[in-house]
Amino acid sequence: MLKASILLVLFITALAAKEGCLRYGIIPYTDVNRISQGYKEWESYLEKKINRCIDIKIENTYEGIIESFVHDKIDFAFVGPFSYILTKKMVAVEPIVIGLTSDKLATYRSLLVSTPQVAKELGIKSPLKGEKGMYKLKEKLLKHKKAWMLSFTDESSTSGYAVPNYYMKKTGLDPDDYFKKITFVGTHDAAQLVVAHNIIPMAFSAQMLYNQLLKDKLITKQSNIVLWESDDIPKAPIIIKKDIPEKLRKDIQKALLQLPEEKFPKFGKTVGYAKTNEAQYKIIEQINEYLKTK
């Protein structure tokens with residue numbers, strides 16, 4: 001009888017400890033089914049480490065994840081750097097970890113890719129780089145004004161919109177003046193695929209997703225030519241609401257920093273996490289402030 005009572009107490013204690021699932025949001029940077037399946041081991045590991053259930057919510061848009069924070073529908077999330085800056089203006093959040101790839105870099109780049117036909121007409125054989133590269137691209141596009149469509153990813157995307165838009169405005173390359181039509185395709189893999197299938201001839205996308213689709217053989221370096229690449233951008237962080245108890249925030253951060261490589265999502269190239277803080281994203285904040293004045 002005593003043994004049964006002890007077991008009951010332990011069971012109730014465990015239930016109380018796990019009461020209330022933490023809601024984790026994910027930006028729609030690739031196919032939703034891939035995200036859902038790929039996060040299963042990550043989710044299971046984190047639940048055991050913090051003794052709380054995790055409810056994963058995959059948003060349809062970048063803006064959706066910001067709104068979920070604002071309306072208290074998620075507690076922590078994997079977001080783009082620009083989405084983090086937009087979120088922190090409305091909700092008290094902080095970045096706790098940043099994803100690392102096998103090269104251990106905490107940065108990535110925005111890419112402009114095109115069909116081989118466009119690259120040939122522009123005479124670009126190797127990627128133009130940074131601000132100087134955007135000036136060169138502007139010069140080359142002058143002879144082809146309004147000739148092609150251009151796709152961004154999402155208005156809240158860092159590498160798919162904010163960063164290339166920043167470089168364009170700094171160099172006086174107004175997309176509405178230089179391109180036949182501007183569109184948004186929603187995800188980074190969609191941006192690559194519309195170019196690969198010759199649906200839209202030019203698109204901005206994240207370097208990581210370009211590399212992943214190459215690995216998956218969904219695109220090739222011949223089908224998607226890199227015309228331009230940005231300077232380094234801090235990679236996407238996991239951010240958490242500051243009203244979550246400090247101990248729990250630290251427990252989540254510690255668990256993620258100790259996450260074994262085999263538990264990472266089964267897509268992309270993230271193989272580890274590193275600590276991060278608000279200071280790492282000052283450049284994104286500066287870009288946001290610049291864009292607001294133009």
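This report walks through a central strand, a mixed sheet and some aromatic pairs in a predicted model.

## Ground rules

Because the model is predicted, local features need pLDDT of at least 70 and side-chain atom pairs count only at pLDDT 80 or more, while totals for chains, interfaces and linings use all residues. Residues are numbered from 1 along each chain as its sequence is written, and side-chain values use heavy atoms, with hydrogens and water left out.

## Strand 13 and its partners

Let's start with strand 13, residues 237-241. (Helices, H or I with at least four residues, and strands, E with at least two, are DSSP runs numbered from the N terminus.) Of its 5 residues, 5 are buried, meaning under 20% relative accessible area with a 1.4 Å probe, protein chains only; exposed is over 50%, and partly exposed is in between. In a regular strand, side chains alternate between the two sheet faces. Here Pro237, Ile239 and Lys241 point one way, and Ile238 and Ile240 the other. Yes, that buried set includes Lys241.

Strand 13 pairs with strand 3 (residues 76-78), antiparallel, over 3 bridges; pairing takes at least two DSSP bridges between two strands. Phe78 sits opposite Ile238 there. Strand 4 (residues 93-101) also runs antiparallel to strand 13, joined by 5 bridges, with Ile98 facing Pro237.

## The six-stranded sheet

Next up is an open sheet of 6 strands in the order 7-11-6-10-8-9, with mixed pairing. Its edges are strand 7 (128-129) and strand 9 (181-184), each pairing on one side only. Strands 6 (residues 110-114) and 10 (residues 202-206) share 5 bridges in the antiparallel sense, and Leu112 has Phe204 in strand 10 as its bridge partner.

Helix 8 (residues 158-171) lies across strands 6, 8, 9, 10 and 11, at about 115° to strand 10. Contact means heavy atoms within 4.5 Å; axes are lines fitted to C-alpha atoms, for helices over the stretch in contact, with angles from 0 to 180 degrees between N-to-C directions.

## Aromatic pairs

There are 14 aromatic pairs, counted when Phe, Tyr or Trp (six-membered) ring centres lie within 6.5 Å; planes under 30 degrees apart are stacked, over 60 edge-to-face, the rest tilted. Tyr84 and Tyr281 are edge-to-face because their planes stand at 75°, with centres 5.4 Å apart. That pair links helix 5 to the loop between strand 14 and helix 13, 197 residues apart, and both tyrosines are buried.

Tyr166 and Tyr167 are edge-to-face too, at 5.5 Å and 75°, and both are buried. They belong to a ring cluster with Phe152, Tyr161, Phe184, Phe204, Trp228 and Tyr290.
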